[in-house]
Amino acid sequence: MNTMKILIIGATGMAGSEIVQAASNRGHKVIALARSEDRLKELRKMNPGIKLLVKDVFQLSKEELSSVDVIVNAFSVRPEKAYLHVDLAAKLISFFRETETPRLVFILGAGSLHTGTDHHLLVKDMEKDPKNKSFIAVPQNQLKEFNFLKEVDNVNWVGISPAASFHAGKAKSVLKGKEDLLFNENGKSETSSGTMAQAVLDEIEKPVHRQVRFTVADGIN
């Protein structure tokens, strides 16, 4: 396996921190990007070999981003700024039109997956529940992000969505699918951050998907 230089956006978040650890454990050169220097330093205590980049991702130049093999976008933001998911995807795509490197890996939401006998979008169910009002803008904008990416055919990108419940936890066996919400044998639709991280690194090291989104969920083990 070739050692790669991997930049992880949102490195201190739930998904990002697990991806940092998985990439570091597999011997890759990791650049962890976040705005909080304190949180990045805490992350480095667990992953001493990583390089820290304290910066707002929107302030990064094309030259800074072009020096790596892979960019993993694990960006997360408050619901009132959820539109930034779309803005960041557009920024990254605009930098790397008609290129093969770096490869862009987008951690997308589950709301853009299909479910039910009528094959409707999961976000439509989420919108019906008043309890989701405070954060519904996030899955709505992640859907817009995915719809934008689907039209991009001259950039080396891949998207990965979790199952309905995306939570912190250790890696389990990985179930993979395409456009439909996944359930394991116990009828649960969930993805741990550890499972997501392993799926991301597997795809980085041995690419299977190109210019498409796939989904991963926890199996039973």
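Me: Helices here are DSSP runs of H or I with at least four residues, strands are runs of E with at least two, and both are numbered from the N terminus. Where is Q142 found?

Reply: Q142 is found in helix α6, which covers residues 137-150. This is a predicted model, where local features need pLDDT of at least 70 and side-chain atom pairs count only at pLDDT 80 or more, while totals for chains, interfaces and linings use all residues. Residues are numbered from 1 along each chain as its sequence is written, and side-chain values use heavy atoms, with hydrogens and water left out.

Me: Thanks! Is Q142 buried or exposed?

Reply: Q142 counts as buried, at 13% relative accessibility. Buried means under 20% relative accessible area, exposed over 50% and partly exposed in between, with a 1.4 Å probe and protein chains only.

Me: What is Q142 in contact with, leaving aside neighbours within four places in sequence?

Reply: Q142 is in contact with H85, I107, L108 and G109, where contact means heavy atoms within 4.5 Å.

Me: H85 is in α4, right? How do the axes of α4 and α6 cross?

Reply: Yes, H85 in α4 is one of the residues that meet α6. The axes of α4 (residues 84-95) and α6 come within 8 Å and cross at roughly 25°. Axes are lines fitted to C-alpha atoms, for helices over the stretch in contact, with angles from 0 to 180 degrees between N-to-C directions. The two helices are therefore roughly parallel (under 35 degrees; over 145 is roughly antiparallel, 65 to 115 roughly perpendicular, and the rest oblique).

Me: Which residues meet there?

Reply: From α4, H85, V86, A89, A90 and I93 meet V138, N141, Q142, K144, E145, F148 and L149 of α6. By class, that contact has 7 nonpolar, 3 polar and 2 charged residues (Ala, Val, Leu, Ile, Met, Phe, Trp, Tyr, Cys and Pro are nonpolar, Asp, Glu, Lys and Arg charged, and the others, Gly among them, polar).

Me: Staying in α6, what about N147?

Reply: N147 is partly exposed, with a relative accessible area of 34%. Its side chain makes a polar contact with that of K150 at 3.3 Å. The C-alpha atoms of N147 and S112 are separated by 8.8 Å, although these residues are 35 apart along the chain.

Me: New topic: at what angle do α1 and α7 cross?

Reply: Helix α1 (residues 14-25) and helix α7 (residues 193-205) cross at roughly 50°, their axes coming within 8 Å. They are therefore oblique to each other.

Conventions:
A polar contact is a pair of N or O atoms within 3.5 Å; within protein, one must be able to donate a hydrogen and the other to accept it, and residues adjacent in sequence count only if both atoms are side-chain atoms.
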